[in-house]
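Please walk through the fold of this model, from its domains to its strands and helices, and explain how the parts are arranged.

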Amino acid sequence: MNILQTLRVAIHALLRNKLRSFLTTLGIIIGVSAVIAMVAIGEGAKARVEESFASMGSNLLVVLPGSTTTGGQRGGFGSLPTLTWDDLRAIRAEVPTVKYAAAQLRTNAQLVSEEQNWNTGVYGTSPEYFQIRNWPTALGSGMTDSDVESGAKVLFLGQTVVEKLFGANTDPVGQLVRIKNIPFEVKGVLERKGQSPMGQDYDDAVFMPLKAFQTKIQGGMQQYLAGVIYVGADSPATTAKAQQQITNLLRDRHHIKPGADDDFSIRNLTELASAQEQGTRTLTTLLASIAAVSLLVGGIGIMNIMLVSVTERTREIGVRMAVGANPAHILSQFLVEALTLSIAGGVVGVAFGLLGARRLAANFGWPVLIRPDIIVISVVFSGLVGVVFGLYPARKASLLDPIDALRFE
Amino acid sequence: MSASPALLQLDEVTKVYHMGDVDVHALRGVTLSIPEGEFIAIMGASGSGKSTLMNIIGCLDRPTGGRYLLAGEEVSTFDRYALARKRNEILGFVFQSFNLLSRTSAVENVELPLLYAGLKTSERHKRAGAALTRVGLGDRIDHHPNQMSGGQQQRVAIARAIVSNPRVILADEPTGNLDSQTSVEVMGIFQELRESGITVVLVTHEPDISAYAARVVTMKDGRVLSDQRQEPRRVPRAAAAGATTA
């Protein structure tokens with residue numbers, strides 16, 4: 001009796017009790033589809049986090065000025081401008097792992113076009129900024145050094161601002177936008193960048209050269225840099241090193257004694273990204289283990305039904321033994337039945353899991369990431385569940401005495 | 001002991017069951033020699049040991065003492081695998097309660113022994129069909145047991161017993177669940193099988209049924225009480241014809 005014949009006998013036996021077979025398999029179906037769906041969703045969430053961190057710019061460090069302390073009341077970072085333009089130049093010139101460094105000054109202002117107006121964040125910066133943030137220009141041209149030096153009154157718009165001021169799918173290059181009643185010419189439109197990991201819309205912003213910002217928007221030249229410094233390190237690997245080097249440099253420049261607190265702070269967004277990723281991974285692991293437990297419960301269900309089946313079919317076992325089935329035949333028959341149930345459950349579960357993952361991903365607007373290895377592992381694992389939980393009932397059946405089995409009522 | 005090699009040879013076979021602290025002596029030394037092609041009935045009251053004897057002859061159980069030679073082989077020391085092979089190759093069983101697999105067609109029931117003999121599907125199907133035709137059910141091969149009368153079910157069981165061309169048919173109260181007319185038909189089939197050279201061992205407590213055998217062994221208290229030859233009662237032609245053509 002070969003495996004194909006055994007399989008046919010097993011399928012025949014299972015089809016004699018269709019509803020029971022289906023209900024038995026249900027545990028495995030639910031378990032496997034949960035595993036598939038959870039992992040797919042987890043991977044999707046992870047990819048989304050990675051995507052949004054990549055959109056912030058890679059190898060990114062943000063240097064923030066320090067806080068004020070007045071009468072015991074401590075302001076937050078940035079409440080006291082401790083960074084100077086010389087600091088920025090020093091970071092650029094003296095830290096070897098720094099590739100780019102750019103100031104970012106920010107304010108909120110009402111923008112007025114011919115037809116519309118819109119309140120948004122207005123940023124003053126320099127061309128390196130767009131390199132650091134990995135943010136190319138979609139229409140018109142990008143910011144140049146001469147724009148900064150000449151103090152040109154030009155604007156670079158984010159996609160959301162374009163939509164609000166000029167309508168979707170329009171080319172506003174060359175148009176005028178007034179800020180504080182000063183006309184600025186739109187020189188470029190930036191590509192769509194999407195959301196920050198915290199849900200902030202990156203595209204709802206306009207950028208202008210530093211000098212124009214300082215003279216026209218902020219007013220007056222200051223010694224202090226009233227904003228933050230964006231730093232792009234050479235590579236993700238050197239980001240932490242760059243952070244350390246900048247810290248040392250600024251402590252030295254600000255004459256901070258050893259042991260005293262920094263009067264600035266540096267945020268490492270790569271660390272934030274990996275922490276976020278760690279979070280989603282933990283979540284995925286948690287969900288997958290819950291799903292694995294339900295698979296285990298499904299396996300116990302199979303064992304339960306197989307035990308009932310062995311008792312119920314004791315006479316059948318007796319007859320099979322009388323006509324020449326040996327213990328191995330009986331063992332393999334019941335084992336293959338359990339295996340068929342569990343693997344069928346696994347396959348159906350994979351189908352449902354993929355379907356479920358697709359639907360959920362569509363709901364959340366996440367990418368669907370199906371890992372083929374998880375599919376294979378799920379099916380193999382459910383097969384394993386079938387073997388482990390089918391072995392005991394099958395062995396019990398094979399050890400029956402043919403005379404007792406034939407006499408069983 | 002008989003010098004000529006019998007198909008079934010039991011020498012001083014004993015069987016003791018241990019039930020708690022008590023030993024139950026089911027067989028107390030049975031010596032029996034059954035040559036090939038004989039139709040033998042084993043009679044006796046319940047508890048006489050006839051079922052135990054049947055189980056040992058059928059390789060479903062092993063004797064505690066003595067020797068049992070099946071087709072010249074000492075099978076009393078065989079393991080479960082070897083016994084299963086003997087049951088498959090040499091023996092065929094017919095039971096009182098038919099013991100057909102429910103929700104399984106007649107032909108699939110009959111194929112069962114061939115499945116364990118390792119035959120191909122097409123060969124199994126062909127031989128099962130032939131066996132069913134031989135018992136007069138050639139037109140009912142796809143019927144399920146619950147669509148058949150008791151007599152038809154028992155004929156399916158006989159077809160299952162003969163499908164692997166066994167040398168011995170063991171029938172344990174085969175007419176116990178049948179009416180007298182159907183019983184006669186079934187005995188007719190057994191007589192035909194005997195005529196084709198198959199040894200038939202019939203266990204019954206009904207003298208009406210044992211009358212169809214050529215030899216009657218009566219058991220009592222685990223021993224052979226009597227061993228007599230007789231002129232078997234012939235099945236009326238009409239009933240026998242009914243059995244093979246119905």
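Two strands are taken to pair if DSSP finds at least two bridges between them. The model is a predicted one. With that criterion, a small case in chain B can be read directly: strand S4 (residues 65–70) of chain B and S5(B) pair in the antiparallel sense over 2 bridges. Within this pairing, Leu69(B) stands opposite Glu74(B) in S5(B).

These two strands belong to an open sheet of 4 strands in chain B, ordered S2-S1-S4-S5, and the pairing in this sheet is antiparallel. Strand S2 (22–34) and strand S5 (73–74) of chain B are the edge strands; each has a single partner strand, so one side of each lacks a neighbour in the sheet.

Chain B also contains an open sheet of 6 strands. The order here is S6-S7-S8-S3-S9-S10, and the pairing is mixed. Its edges are formed by strand S6 (91–94) and strand S10 (223–229) of chain B, each of which pairs on one side only. With direction ignored, neighbouring strands of this sheet are turned against each other by 20 degrees on average. A parallel part of the sheet is found where strand S3 (residues 39–43) of chain B meets strand S9 (residues 215–220) of chain B, a pairing that extends over 4 bridges. In that pair, Ala41(B) is placed opposite Val216(B) in S9(B).

The 6-stranded sheet has a helix set against part of it. Helix H5 (residues 150–162) of chain B lies across S6 and strand S7 (168–172) of chain B, and the helix runs at about 170 degrees to S6(B). H5(B) also has a helical partner: its axis and that of helix H3 (residues 106–117) of chain B come within 7 Å and cross at roughly 30 degrees. Because angles under 35 degrees count as roughly parallel, H3(B) is described as roughly parallel to H5(B). The crossing of these two helices, H3(B) and H5(B), is right-handed.

Which residues bring H3(B) and H5(B) together? From H3(B) come Ala106(B), Asn109(B), Val110(B), Leu112(B) and Pro113(B), and these meet Val156(B), Ala159(B) and Arg160(B) in H5(B). By class, the residues of this contact between H3(B) and H5(B) comprise 6 nonpolar, 1 polar and 1 charged.

Turning to chain A, the domain assignment gives domain 1 (3–52 + 275–407) and domain 2 (81–262). The C-alpha centres of domain 1 and domain 2 of chain A are 56 Å apart.

Strand S4 (residues 98–112) of chain A is a useful place to follow the strand pairing in this chain. S4(A) pairs with strand S11 (residues 227–233) of chain A in the antiparallel sense over 7 bridges. In S11(A), Ala233(A) is the bridge partner of Val98(A). S4(A) also pairs with strand S5 (residues 117–125) of chain A, again in the antiparallel sense, over 8 bridges. S4(A) and S5(A) make a hairpin with 4 residues between them, and Asn108(A) has Gly121(A) as its bridge partner in S5(A). A further antiparallel pairing joins S4(A) to strand S8 (residues 176–179) of chain A over 2 bridges. There, Leu111(A) has Ile179(A) in S8(A) as its bridge partner.

Chain A also has a helix pair to consider. Helix H11 (residues 327–364) and helix H12 (residues 372–398) of chain A pack at an angle of about 150 degrees, with their axes 7 Å apart. Since angles over 145 degrees count as roughly antiparallel, H11(A) is roughly antiparallel to H12(A). The crossing of H11(A) and H12(A) is right-handed. The residues of the contact between H11(A) and H12(A) divide into 20 nonpolar, 10 polar and 1 charged.

What remains is the contact between the chains. How many residues of chain A are in contact with chain B? There are 18 residues of chain A in contact with 20 residues of chain B. On the side of chain A that touches chain B, helix H10 (314–322), H11 and helix H13 (402–407) of chain A each supply at least two residues. H10(A) gives the most to this side, with 6 residues. By class, the side of chain A that touches chain B has 10 nonpolar, 4 polar and 4 charged residues.

Conventions. Residues numbered from 1 in each chain as written. Chains lettered and ligands numbered in written order. Predicted model: local features only at pLDDT ≥ 70, side-chain atom pairs only at ≥ 80, totals over all residues. Axes fitted to C-alpha atoms, helices over the stretch in contact; angles between N-to-C directions. Parallel < 35°, antiparallel > 145°, perpendicular 65-115°, else oblique. Left-handed = near helix turned anticlockwise from the far one by under 90°. Nonpolar A, V, L, I, M, F, W, Y, C, P; charged D, E, K, R; others polar. Domains from an automatic or database assignment. Contact = placed C-beta atoms within 7 Å.
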